[in-house]
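Please take the sequence and the coordinates together, and follow the paragraphs below with both in view.

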Amino acid sequence: MTMPARKHLVPSAEHPITVTPETSRVVVRANGKAIADTRDALTLREASYPAVQYIPRKDVDMSRLVRSTHQTYCPYKGEAAYYSIADMGDAGKNVVWTYEHPFDAVKEIAEHLAFYPDRVDSIDTDTPH
């Protein structure tokens, strides 16, 4: 039995996606401690969804993350891999996602991680001075 081909869609006026550099510092806290701190985040805006901060791996404490077997697929961005935040126990399961080989329309988010805002303590952006 063959799997049906997955759709690969391109952003359009009906489903816009933009990726822009974030001008503020972004700090993500989980389990009471900063897990990410960057001035190099990218803000992805997709259709009517809330904006998502994608943080470079170099600015994430990868020692707190454990690769998960969970995966999802977005027809606009590609295959997403997941990480759990180890020191959060079950609450930290699959809290972080990444598109390691994103489609060309969002290729900038490769090597970046995103966090579910309702599953970490906070995702704060400081206004630049």
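Thr18 stands opposite Arg45 in S4, and this pairing belongs to a set of five bridges that join strand S1 (residues 17-21) to S4 in the antiparallel sense. Strands here are DSSP runs of E with at least two residues, numbered from the N terminus, and two strands pair if DSSP finds at least two bridges between them. The model is predicted, with local features needing pLDDT of at least 70 and side-chain atom pairs counting only at pLDDT 80 or more, while totals for chains, interfaces and linings use all residues. Residues are numbered from 1 along each chain as its sequence is written, and side-chain values use heavy atoms, with hydrogens and water left out.

S4 also pairs with S5, again antiparallel, over three bridges, and the two strands form a hairpin with five residues between them, where Ala47 in the turn has a positive phi of about 45°. Four of the five residues of S4 are buried, buried being under 20% relative accessible area, exposed over 50% and partly exposed in between, with a 1.4 Å probe and protein chains only.

Across this hairpin, Thr43 stands opposite Gln53 in S5, and their side chains make a polar contact of 3.2 Å; such a contact is a pair of N or O atoms within 3.5 Å, where within protein one must be able to donate a hydrogen and the other to accept it, and residues adjacent in sequence count only if both atoms are side-chain atoms. The side chain of Gln53 has a further polar contact, of 3.4 Å, with that of Glu22. Gln53 counts as buried because its relative accessibility is 15%. Leaving aside residues up to four places away in sequence, Gln53 touches several others, including Val26, Leu113 and Ile123, contact meaning heavy atoms within 4.5 Å.

A second buried polar residue can be found in strand S6 (residues 65-74), namely Ser68, which counts as buried because its relative accessibility is 17%. The side chain of Ser68 makes a polar contact of 2.6 Å with the side chain of Asn94, and among the residues that Ser68 touches are also Tyr82, Tyr83 and Ser84.

Where do strands S4, S5 and S6 appear together again? Along with strand S7 (78-85), each supplies at least two residues of the lining of the largest pocket, and S5 gives the largest share, three residues.
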